[in-house]
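Reader: Could you teach me how to read the helices of a model like this one? I would like to start with the picture itself.

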Amino acid sequence: MKNFLILLLVLFLFVSCKEEVVKQPAKLIEKDKMVDIMYDLSLLEAMKYQHQQKLDSTETDPTKFILKKYKIDSLQFAENNKYYAADYENYKELFDEVGKRLAKNQRDTDSIVTLEEKKAKKAAKDKKDKPKAATPKDSVKKPGNKINIDSIRRQMIINRKNSK
């Protein structure tokens, strides 16, 4: 009887371990595509906390935009997310891949910002070190004939003589 109970218990454990916790969805999203979706959603979540006003002003739901981009609906995404989450190791690998892509994006962004800062510092230094050139003369000439009071008086005298 003991052997029968042990055999039954082992058989029960064997059968229960073989059954999947969550069944595979009808429209399974490939792992690579799921990584892309999770990456985009992570970026949008970060943007939501960094630039809340910009996202609010667009009056669109970023999650809906991402789902539309990948041509899936929210139910399909939820089912696939649940399916991948049921297998902890694969789900962890999925998020590790997303983390690697986010870290690479961060490094790329940091390097671009560093280059831009170096360019700005160099331009400021060049501008500071560059001697000021003589200001070019205006192309419009200033009137050369200044009104001279003596010339006005002279003209008045000439006009008086002519009028006599």
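Author: Gladly. Let us begin with a term: a residue is buried when its relative accessible area is under 20%, exposed when over 50%, and partly exposed in between, using a 1.4 Å probe and protein chains only. This is a predicted model, in which local features need pLDDT of at least 70 and side-chain atom pairs count only at pLDDT 80 or more, while totals for chains, interfaces and linings use all residues. Residues are numbered from 1 along each chain as its sequence is written, and side-chain values use heavy atoms, with hydrogens and water left out.

Reader: Which exposed residues does the face of H5 turned away from its buried side carry?

Author: That face has Ser-74, Leu-75 and Lys-82. The name H5 comes from counting DSSP runs from the N terminus: helices are H or I with at least four residues, and strands are E with at least two.

Reader: And which residues are buried in H5?

Author: First the general idea: an α-helix has 3.6 residues a turn, so residues three or four places apart point the same way. In H5, the buried residues are Gln-76, Phe-77, Asn-80 and Tyr-84. They lie on the same side of H5, because they cover an arc of only 95° around the axis (the arc of the directions from the helix axis to the C-beta atoms).

Reader: What do the buried residues of H5 pack against?

Author: They pack against H2, helix H4 (62–69) and H6. Contact here means heavy atoms within 4.5 Å.

Reader: At what angle do H5 and H6 pack?

Author: Axes are lines fitted to C-alpha atoms, for helices over the stretch in contact, and angles run from 0 to 180 degrees between N-to-C directions. H5 and H6 pack at about 115°, with their axes 5 Å apart. That makes H5 roughly perpendicular to H6; angles under 35 degrees count as roughly parallel, over 145 as roughly antiparallel, 65 to 115 as roughly perpendicular and the rest as oblique. Asn-81, Tyr-84, Ala-85 and Ala-86 of H5 meet Tyr-88, Tyr-91 and Leu-94 of H6 in this contact.

Reader: Which residues are buried in H6?

Author: Tyr-91, Leu-94 and Val-98 are buried there. The buried residues of H6 pack against helix H2 (31–50) and helix H5 (74–86).

Reader: How do H2 and H5 pack?

Author: Their angle is about 110°, and their axes are 12 Å apart. H2 and H5 are therefore roughly perpendicular to each other.
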